[in-house]
Amino acid sequence: MTNRAFLKDRLTVLRLERREAQQGTLRTGDAAELAGLLADPRLARAAARDRRRTAVQRGLLRERFARFPIADDQIAPTRLGNAVRRFEEYGWDRYRLDTQLLWNELTGCVPDQIRRQSELARASVDFFVALLSGHVAVALAAALALAAGSRPDRLALVSTLVVLTLLVPVWYRSAVTTTDEWAAAVRALVNTGRKPLAASLGLALPQTLAAERARWTMVSRLSRIPYHERAAALDPYRAEPTTDPA
């Protein structure tokens with residue numbers, strides 16, 4: 001079981017138990033789901049600890065879960081990778097808009113303030129990643145110097161190695177945490193930028209979410225190649241041509 005799946009099950013247990021406390025009894029399906037989850041000894045032990053958590057601590061659990069991508073096939077091997085991947089896939093998960101493919105077009109359509117928010121949020125994450133990388137490099141250099149043999153500055157090297165080793169996880173957690181602001185900025189960019197993006201591409205924004213998802217799916221697929229014979233499928237979504245006043 002992945003960390004995301006296990007955390008999801010823990011939150012589901014908390015949600016069902018809260019509903020049971022509020023309503024007195026659960027529906028048959030919910031009761032069966034709760035019993036099935038608690039049948040797992042590992043999950044039952046985690047649920048016992050979660051019941052003693054405060055509302056703030058439970059909120060932090062939900063924040064941890066929110067740092068995972070929605071789709072299981074997008075799960076990365078590291079926490080930082082998952083935290084970044086979640087908003088890289090936001091446009092596709094919500095609207096079927098491939099923001100990785102259309103990033104330049106999208107950022108060229110949004111207001112400057114929204115684009116700057118995304119850039120500043122990314123700079124914060126890059127800062128902690130740079131600290132992490134730099135300290136790892138210096139710590140490795142100190143370790144190699146110590147392994148080289150007896151040195152007069154041995155105490156300074158040992159101190160440097162210990163301090164930087166202790167700081168590396170701090171910078172890593174800070175990088176993961178600051179992705180929250182970056183994720184919020186990217187969500188705002190996608191939500192507010194998809195309409196001007198459609199207009200810049202000569203397309204009308206459909207009335208329904210299902211139609212919009214179908215339209216962005218076609219746009220994303222057709223954008224990967226210079227021309228495709230199925231490009232005419234976008235014709236129903238084209239905006240009415242405008243004429244300049246005489």
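## An all-helix predicted model

Read from one end of the sequence to the other, the protein follows the pattern α-α-α-α-α-α-α-α-α-α. This is a predicted model, and its secondary structure comes to 10 helices and zero strands.

### Overall form

The C-alpha trace of the protein spans about 85 × 60 × 35 Å along its principal axes. A compact globule of 246 residues would have a radius of gyration near 18 Å, whereas the protein has 25 Å. Of the 246 residues, 33% count as buried. The protein exposes about 15200 Å², and carbon and sulfur atoms supply 57% of that area. Among the contacts in the protein with a separation of 6 or more, 63% are accounted for by residues 24 or more positions apart. As for charge, the protein has 37 positive and 26 negative side chains, and the centres of these two sets lie 7 Å apart.

### The nonpolar cores

In soluble globular proteins, nonpolar side chains tend to be buried together. In this model the largest nonpolar core has 30 residues, and those with the most contacts inside it are Phe87, Leu97, Trp182, Val190 and Trp216. At least two residues of this core are supplied by each of helix H5 (79-88), helix H6 (90-95), helix H8 (112-147), helix H9 (154-200) and helix H10 (209-222). The largest share, 12 residues, comes from H9. A second, separate core of nine residues includes Phe6, Leu26, Ala46 and Ala47.

Which residues does Trp216 touch, once its neighbours within four places in sequence are left aside? Trp216 is in contact with Tyr95, Arg96, Leu97, Arg194, Leu197, Ala198 and Leu201. One of these partners, Arg96, lies in the loop between H6 and helix H7 (103-107). Arg96 has a positive phi of about 65° although it is not a glycine, and at 24% relative accessibility Arg96 counts as partly exposed.

### Individual residues in their helices

Ser118 lies in helix H8. Is Ser118 buried or exposed? Because its relative accessibility is 5%, and buried means under 20%, Ser118 counts as buried. Leaving aside neighbours within four places in sequence, Ser118 is in contact with Trp103, Trp182, Ala185, Val186 and Leu189. Among these partners, Trp182 is also named as one of the residues with the most contacts inside the largest nonpolar core.

Arg10 has its place in helix H1 (residues 3-23). Although Arg counts as positive, Arg10 counts as buried, because its relative accessibility is 8%. When neighbours within four places in sequence are left aside, Arg10 is in contact with Leu43, Ala46, Asp50, Arg53 and Leu61. Of these, Ala46 is included in the second core.

Asp180 is found in helix H9, and at 25% relative accessibility it counts as partly exposed. Not counting residues up to four places away in sequence, Asp180 touches Arg67 and Arg86. Arg154 also has its place in helix H9, and with a relative accessible area of 45% Arg154 is partly exposed. Val219, for its part, lies in helix H10, and Val219 is buried, with a relative accessible area of 5%.

### Separation in sequence and in space

For Asp180, Arg154 and Val219, a partner residue can be given together with two separations, one counted along the chain and the other taken in space from C-alpha to C-alpha.

| Pair | Apart in sequence | Apart in space, C-alpha to C-alpha |
|---|---|---|
| Asp180 and Val84 | 96 residues | 9.0 Å |
| Arg154 and Ala142 | 12 residues | 9.3 Å |
| Val219 and Leu203 | 16 residues | 10.0 Å |

The table can be read beside the structure by finding each pair in turn. Asp180 and Val84 are 96 residues apart along the chain, yet their C-alpha atoms are separated by 9.0 Å. For Arg154 and Ala142 the separation in sequence is 12 residues and the distance in space is 9.3 Å, while Val219 and Leu203, 16 residues apart in sequence, are 10.0 Å apart in space.

Key: Residues numbered from 1 in each chain as written. Predicted model: local features only at pLDDT ≥ 70, side-chain atom pairs only at ≥ 80, totals over all residues. Heavy atoms only, no water. Helix = DSSP H or I, 4+ residues; strand = E, 2+ residues; numbered from the N terminus. Rg over C-alpha atoms; globule rule 2.2 N^0.38 Å. Buried < 20%, exposed > 50% of the residue type's maximum accessible area, 1.4 Å probe, protein only. Contact = heavy atoms within 4.5 Å. Areas by Shrake-Rupley, 256 points an atom, 1.4 Å probe, with all protein chains shown as cover. Charge placed at Lys NZ, Arg CZ, Asp CG, Glu CD. Core = buried A, V, L, I, M, F, W, Y, C linked by side-chain atoms within 4.5 Å.
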